[in-house]
Structures are given as structure tokens and as C-alpha cells.
Amino acid sequence: MSKKEITKREGEIKPSLVPPILSAILSAILPGLGQALARDWRRGLTMFLGFSTSFGLLVWRFQSAARRDVGFIDIFKKAIRIEPILIWLTIATIAFWIWTIADAYLTAKRPPKKAVGIFLVMGIVFASLGWQIGQVDLVKLITEINDAERAVNHVMWPWSRAVTRPVEYVEPEAYIQVPCTDTPFAQPEVPEGEPYLISDPTCGDLAVLEGERGTELTLTGGNFIPGEQVTIKWYDPLKVSFTHRQDGEFMQFPVDENGSFEVKITMPYRLVPPSASEEAQKWTVFAQQVIATGSLEPSEELKLVVEKMIETIFIGMMATAFGIILALPVSFLAARNLMSASPVTLAIYYLVRTILNLVRSIEPVIWAIIFVIIVGLGPFAGILALTIHSIAALGKLYSESIESIDSGPIEAIQATGANWIQTVMFAVVPQIIPPFVSFTIYRWDINIRMSTVVGLVGGGGIGYLLIQWINKTDFRAAGIAVWFIAVTVAILDYISAEIRERYV
Amino acid sequence: MLEIRNLTKIYDDGTRALNNVSFSVEDGDFLVVIGLSGSGKSTLLRCINRLINPTEGEILWNGVDLAKLEGEDLRNTRRKIGMIFQHFNLVKRSSVMNNVLSGRLGYTPSWKSVLGQFSAKDKQKAWDSLERLNIKDQALKRADELSGGQQQRVGIARALMQEPEMILADEPVASLDPVLAHSILQYLEKLNQEDDMTIICSLHYLDLVQRYATKVIGLKDGEIVYQGSRKDIRAMTDREFKDIYGEEAVRVGGLEGDLSAGGDQS
């Protein structure tokens, strides 16, 4: 060590190939060239790579900030107006360049000390570039943090979506003829004791043009459940329902203590195809009360989450099971101590190892996308994706534990007169079982966590549900899923840690 | 009676570990093999029970050439030869009891042993062996929870399960401190004297050799450079010692049972 250091020092003491001034000039033209000619090629190369990378990135940032501009001056002006941080970056890069020149001069003049300053400058330049490229904006993070409030609150406490009560609808109807003809609908009789809705008149015109008002109707209702909200809704002639809007607002109000109300509405704006308006059509207006009956019960979302959570756990389990079965034979092929006997087996070893490394470096999400194409959406695609990844990961871990077995006990058991199978059972198996069990449980743990992720791309399980709710911004429902995932993963994590600790 | 004739072992890489080694061991001898690391001691011991196959030569034990045995015959002969090791070679994660019972594998049918079924007689025998070596109370612990000296006693108990006529001990005390070394060798001496087992043991400490050996051979570069009786070893000269251990060797001690002075191996 010390001997080597001394020879290295001696090498540096050799005089520079060029005088200091020339070295500085050369580094000004091509950063690092001066240092290289001053017999410190390693330093020169670092300078060259460092400077050219940061300069290249700077040019790229200028161009991407001012995409439509041409000409050096225009691009520069536009870019610093949009991204003021680029001024600082330019100054830092120029400082870096000047420093490189100074460093070249000093390197040629005398053997340099450790290059702390220049690397500090290089570090600052790259950190600034990273700040700009990564669009770091701490101010935005602080000032707009409130935007997340609703989503976070819903995710954190989603339980209002977890329960529901069965409901009954009270929705008496009134028919409206559109447009009015010579024979409008007759007013229905008011029934005794039953909810009713009466419209006056019973015919009218829709608002056909934007901003135009339709015919005004007076709706009278009675025998509703007192005090409860009522909503005015429509069915068009095709029985498609929509909620009535009066001046942009939904019509929703409580009925009085007698269970009756009277409101004026204007008929809605609807575009009707010309063919449909040739003869009179029957539209329906109705007043809807939603009455909760019975006791609380789990909501559809909660049931789905539980169902898919179970599916998720089983995806992880099946993937682990398939993974073990296939990883076992593979691991023997990937164990160096078993495969180094002949060039052929050694070649197989390298091949298997390479394949395992390649497969392992591709994330399960990517595998899931591939398998979704093959077997379609659903849990099987997820199982396949996780299986492939598990084989690669377990194969490596298993083979490493096979490689690390102690040959001593094998020798000792053979010496007792044991035969081959007895030697394997008593000397080899006891050594590999504990690490195998440990790695397998660990993998199961990972697979459960990953099965959520493969679900995001259609691999079945709760992830599939979660991504749909997030896309619908239904954060309460998504919150239920998040809670279940978190609790399940935590429990399994604890169990697997406990088992591994006891067993190994 | 064990008689080694012209034993030679050449490894695949061309190393000549043993070169034309011949000697004989009477039943009931406590033979100690001395020599530097790499002098061929381990190879010699492993050739006797055929953990290593010799290249040439004969190993006559009670008239049978062990070098020619194969398969079932070899395994049946191995049962009669116990072996203990420098690093104990226990299955660390298995219990002490299982390690000891594994000494009985040569007498147990495969299917029974694969299921972990040992006869009640074997189990009783295991308890007896553990009791004899004073580690009965450790029987249910995992082997790696025991100290070095205790692990080596488990190793001896495992060898005893074989009901051996001969015990090969490959530097059984090299991983232990001198006091423990003494106690382990006393167990071997007891087996030698009380049970009439032949012991072939490789050792480094000259003091221990002088204390326990009834017969000594010295190996250097795979060849026998010294043969002597108990009397000879006590009168061993510096010259003879240096022939075996090299010019740099310093003779230490020589006092019977004075273990604190021993242990110089370089």
C-alpha cells in the first residue's frame, strides 16, 4: 500500500510536457487537455468529462426552454426570461471553465494537491442542473400543499364509504307532452294517501336554443314523507333519466311538514333531433325521495375491497408457490460449487446466472403487461408476472445458499458409512432448509406487496380496483383499498419476520 | 492390525500429497502423526477410510485391502472406523441428539433414516454416549450453541455410535485451547485404553504427542521421515524435530502435562 503510494507520487513529480501558460491555453480550448499534457491524464479526463457533460446539458436546457426560437441570442434571451435559474447555471458553468483553466496552469507548474475545489465546483454545477431539470419548486410545495387536503382526508378516513343503508325510492311521476297538441294529457286524479305529482300545464316546449327558456311548469306534490329532501328529475322519451337544473343548480329541497310542496320549473334545454320533434312525445317529470330503510350494512366498495384483497393475497401465494417449484431446479444449475466440475456445466452456470440477472432486472409490472397481452386481464396475468420474477430472485438466493454450504458435515456423515441419500438428508438438507425457508417467506412477503402493484396494470387483485378509483377521483373508495393494503402488508410483514426469526 | 503399504496419493492438480508411505499399526495402538500443515497428514487419514481415494498402494486392515473396497462393502467398513475432525464437522443447525444419531446411519435402512426414524435402542445408545462424554444435558440444543470443546465431544459421541474398532482423529484439538485439548485427548486415551480402540491421530503440539502417543510417525512432504515408539518420542532430538518441522522450528517444553508451555507450531 505505502510502497504503491510512493511510486505514484514519484510519477507525479515528473515535469509537465508543456509550460504552465500553454497548459492553461490548451485547457481553455479543450478543458482537461492542459492537465493531460501536464502528465495528469486522469485529472484531465475527469475535467473533460465533467465540463463537456455540464456544458452539453446546459445547451440542451436552453434549447428546451426556448423551443421555437432560432439564433443564439434569441434562444438565450427567451430561455432566461422563462427560466431565470438558467442565468445562475450559465455563471456556474463559466466559473467551472475558468477554474479548469486555472487548474491546468497550476497542475503544469507543480504537482497538484488533492483536487477538492474543482470537484466542489463540478458538484455545484451538477446540483444546479439537477434542480433545473428536475423542476424543483419548494415554494410550490409549501404554498399549494392545501390542494391535497380533500384527497388526503378522504384517503385517511374513508369509512363513510364503507357502510351503507338500503334505500327505497318514492318517485311519483307526471307526464308532459312535447310539444303541445290539440289533445294535451288529462290531469290525473289525486290519489288518496299515496305520493303524487301534478304538473300544470301538462304540455310545453323544451328550450331548444342555448339561453332560451322553456315552458314554465308548476309542480305540485303531496303525501311525501315530511321533512325529507326531494329532487326533481326527468325521463326523456327514451327513458333516460337526468336531474333537473334550474338556473344551473340541481332542484333539491325538503318538503314541508304535511309532505307537500309547490315549485315552478322551466322545461330543460335539450337538443332533440329534427325527426324526433315531428310528432308529440311523452316526457316524464318526477320528484324523487330517497328513504334509507333498515340498518347499516357494508357497502359495495367495502365488499369489493375485501374480495380483491383476498384475491391479492392468493396471487402472491400462488406466485410464491410456482416460484419455489421452478426456482429449486434452477438454483442447482446456478450454484457454482455444483457446476464448476467441467467446462460444459460451467457454461450452463454462466448462462443460467445471466438469464436470472436479466429477468430479475425487469420489474414485475413490465412482466404483468406482457402477460396481460397473453392471458388477458385478471389475476392469472399477475400470478405469471410475479412467478417469473420470483423464479429469478429465489433462484439467485437459493443458489447462493447452496454455494455456501459447509462440506465438513458431508465428509463426516460419509465417514459414518452413510449412503448417498442419507448423506444428502443428514448433511446437505439441514444446511439448506433454513435459508430456503427464510428466503421463501421473504419472497412471499414481497409478492403480496408486489401483487398490489401488478394489479395497477391489469394483473388482477386490489391494485386493479385502486387504480380505477384513483382515476375516478373517488378517494374515499381508494382510501378503503389503501387501508386494507396497508394493514394486510403490515400484518404479513410482522408474521414473516416472526417466522424467520424463530426458524432460522 | 492396520498395515499401509506403498501408499501414494497424487491429486488432480499434480500435487504429490503422499509418496510411497508404509507403516503398520497394531490393534490398541495410539498412533500420532506429526508434520507441518500440508505434509500429508489429513490425506493419509482420509485415505484410510477412503474419503479420499489413494492413487496407489494397499491399506490392509485385518487382512482386507480397504483401497479396493467399493459400495456396500466400503460403507460397511467405514462403520467400523470412527472419525473426528479439526472443525468438528457437526451439522450446526441440527440438534446435538440428531448429530449423534447420525453416527448410526450406516446401520439404519435408508427409508427409515430419511424419515428420521431411529430405533429405541439407537436412541438409548445416543444418550449413553452423551453421558459418557458428559454432555447429556446439552442433547436438545442446536449444535452451534455449544462451545468448541463441547462440539468436539459431540463429534466423539457421534463416532462412538458407530461402535468403531478404530478412530481417525484429524487434528482434533487444533481449534481448541490447550486445556480443552488435554481433556479431549484424555477422552481418546480412555477409548484407547478401556475400549481397546485403535487411535490414529494427527497433532501439532509436541507436548501432547509426548504425553499421549504410544507410537509416532512424522511426515514431511508426503514421506515418512520419522518413526518411533513412545520411548523414542520422549527422547526425541532437536535434529529429528527439525527434520519434521523445518529448520525454523523451536522445540518447546517436553514436560509431561505442562500444557501452558506448549502450542508453538511455527
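**Reading helices, salt bridges and a surface patch**

Mentor: Let's start with one residue: A:Arg449 is partly exposed, with a relative accessible area of 37%. Keep in mind that everything we discuss comes from a predicted model.

Trainee: Which residue forms a salt bridge with A:Arg449?

Mentor: In a salt bridge, a side-chain nitrogen of Lys or Arg lies within 4 Å of a carboxyl oxygen of Asp or Glu. Here the partner is A:Asp445, and the closest N and O atoms are 3.5 Å apart. To sort residues by cover, we call them buried under 20% relative accessible area and exposed over 50%. A:Asp445 has 4%, so it counts as buried.

Trainee: Where do A:Asp445 and A:Arg449 lie?

Mentor: An α-helix has 3.6 residues a turn, so residues three or four places apart point the same way. Our two residues are both in helix H16 of chain A, and they sit 4 residues apart, about one turn of the helix.

Trainee: How many salt bridges does the structure hold over all chains?

Mentor: There are 27 over all chains. One of them brings together the side chains of A:Asp474 and A:Arg161, at 2.9 Å from N to O. This pair links distant parts of the chain, 313 residues apart: A:Asp474 is in the loop between H17 and H18, and A:Arg161 is in the loop between helix H9 and strand S1.

Trainee: Is A:Asp474 buried or exposed?

Mentor: Its relative accessibility is 15%, so A:Asp474 counts as buried. A:Arg161, at 26%, is partly exposed. Leaving aside residues up to four places away in sequence, A:Asp474 touches A:Trp469 as well as A:Arg161.

Trainee: Which residue of chain B does B:Arg46 meet in a salt bridge?

Mentor: The side chain of B:Arg46 meets that of B:Asp170, at 2.7 Å from N to O. Here too the pair links distant parts of the chain: B:Arg46 belongs to helix H1 and B:Asp170 to the loop between strand S7 and helix H7, 124 residues apart. B:Arg46 and B:Asp170 are both buried. Salt bridges can also share partners, and in this way B:Arg104, B:Asp122, B:Lys125 and B:Glu163 are joined into one network.

Trainee: Now for a whole helix. What should the 13 residues of helix H5 of chain B span?

Mentor: Count 1.5 Å a residue, and the expected span is 18 Å; the end C-alpha atoms of H5 are 18 Å apart, which agrees.

Trainee: Which residues of H5(B) are buried?

Mentor: They are B:Asp122, B:Ala126, B:Ser129 and B:Leu130. Look down the axis of H5(B): these residues fall within an arc of 95°, so they line one face of the helix. That buried side packs against helix H3 and helix H6 of chain B. Turned away from it are the exposed residues B:Ala120 and B:Lys121. After H5(B) comes B:Asn134, with a positive phi near 65°.

Trainee: Let's finish on the surface. Which residues make the nonpolar patch?

Mentor: To spot one, look for nonpolar side chains with over 30% relative accessible area that lie within 5 Å of each other. In chain A, a patch of about 890 Å² is made by A:Ile21, A:Leu22, A:Ile25, A:Ile29, A:Leu30, A:Trp41, A:Leu45, A:Phe48 and A:Leu49. Helix H2 and helix H4 of chain A are the elements that each give two or more residues to the patch. A:Ile21 is found in helix H2, and with a relative accessible area of 54% it is exposed.

Technical notes:
Residues are numbered from 1 along each chain as its sequence is written. Chains are lettered from A and ligands numbered from 1 in the order in which they are written. This is a predicted model: local features need pLDDT of at least 70, side-chain atom pairs count only at pLDDT 80 or more; totals for chains, interfaces and linings use all residues. Side-chain values use heavy atoms; hydrogens and water are left out. The expected span of a helix is 1.5 Å times one less than its number of residues. Buried means under 20% relative accessible area, exposed over 50%, partly exposed in between (1.4 Å probe, protein chains only). The arc is that of the directions from the helix axis to the C-beta atoms. Contact means heavy atoms within 4.5 Å. Patches are made of residues with over 30% relative accessible area and no salt bridge: like charges are joined within 9 Å, nonpolar side chains (Val, Leu, Ile, Met, Phe, Trp, Tyr) within 5 Å. Accessible areas come from the Shrake-Rupley method with a 1.4 Å probe; for residues, only the protein chains shown count as cover.
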